[in-house]
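Thanks for coming. I have one structure to go through today, so please have a look at it first.

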Amino acid sequence: MMKTMTMKRELQRKASILKQHEVYAYQAAYYLLENEALAAKAVTQALMALIQDEPFFLQPKPLQQEKIKHTVMKQALLTKAAALRPTI
């Protein structure tokens, strides 16, 4: 029970930190993709990747923002490539 509470608190802490970067991440994705749905998808993928990146949560906010930018750019490109891929 105690382990579950600790894990829940840690997840809430991480979510709180990621939420501080959410608008910036969406703005960066939308700037690159010029499409709301694709930007939302890219940001979701980026945040899912970052929540598993333990060192990210130990960094100061400016370094976190750089990491967010890098991760969002990568996910935006992957999302765009997947959207352009022809379906068979």
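Before I name any element: a helix here is a DSSP run of H or I with at least four residues, and helices are numbered from the N terminus. With that in hand, Gln64 has its place in helix α3. I will come back to that residue.

First, what you are looking at. This is a predicted model. The protein chain has an average pLDDT of 94, and 99% of the residues score at least 70. By element, the mean is lowest in α1, at 94, and highest in α2, at 97.

The overall layout is quickly told. The protein chain contains 3 helices and 0 strands, and from the N terminus on the order is α-α-α. The C-alpha trace spans about 50 × 30 × 20 Å along its principal axes. Of the 88 residues in the chain, 28% are buried. If you take the contacts with a separation of 6 or more, 63% of them join residues 24 or more positions apart.

Now helix α2. What should its 15 residues span, at 1.5 Å a residue? For residues 36-50 the expected value is 21 Å, and the end C-alpha atoms are 21 Å apart, so the two agree. The buried residues of α2 are Leu38, Ala39, Ala42, Val43, Ala46, Leu47 and Leu50. They cover an arc of only 165° around the axis, which means they sit on the same side of α2. The general background is that an α-helix has 3.6 residues a turn, so residues three or four places apart point the same way. As for partners, the buried residues of α2 pack against α1, residues 2-33, and against α3, residues 61-84. At the start of α2 there is also a polar detail: a side-chain oxygen of Asn35 comes to within 3.0 Å of the backbone nitrogen of Ala37.

Next, the core. The largest nonpolar core holds 18 residues, and those with the most contacts inside it are Leu18, Ala29, Leu33, Phe56, Ile68 and Val72. Each of α1, α2 and α3 supplies at least two residues of this core. Which helix gives the most to it? That is α2, with 7 residues. To take one residue from the core, Ala29 touches Glu34, Ala39, Ala42, Val43 and Val72, setting aside residues up to four places away in sequence.

Two polar residues deserve a stop. His21 lies in helix α1. Is His21 buried or exposed? The cut-off for buried is under 20% relative accessible area. His21 has 1%, so it counts as buried. Not counting residues up to four places away in sequence, His21 touches Phe56, Lys61, Gln64, Gln65 and Ile68.

That brings us back to Gln64 in α3. Its relative accessible area is 5%, so Gln64 is buried as well. Leaving aside neighbours within four places in sequence, Gln64 is in contact with Ile17, His21, Phe56, Phe57 and Gln59. Ile17 is 47 residues away from Gln64 along the chain, yet their C-alpha atoms are separated by 9.3 Å. What does the side chain of Gln64 have for a polar partner? One of its polar atoms lies 3.2 Å from the backbone oxygen of Gln59.

To close, keep two things in view: the buried side of α2 packs against α1 and α3, and Gln64 is in contact with His21. That is all I have.

Key: Residues are numbered from 1 along each chain as its sequence is written. This is a predicted model: local features need pLDDT of at least 70, side-chain atom pairs count only at pLDDT 80 or more; totals for chains, interfaces and linings use all residues. Side-chain values use heavy atoms; hydrogens and water are left out. The expected span of a helix is 1.5 Å times one less than its number of residues. Buried means under 20% relative accessible area, exposed over 50%, partly exposed in between (1.4 Å probe, protein chains only). The arc is that of the directions from the helix axis to the C-beta atoms. Contact means heavy atoms within 4.5 Å. A polar contact is a pair of N or O atoms within 3.5 Å; within protein, one must be able to donate a hydrogen and the other to accept it, and residues adjacent in sequence count only if both atoms are side-chain atoms. pLDDT is the predictor's confidence in each residue, from 0 to 100. A nonpolar core is a set of buried Ala, Val, Leu, Ile, Met, Phe, Trp, Tyr and Cys residues joined through side-chain atoms within 4.5 Å.
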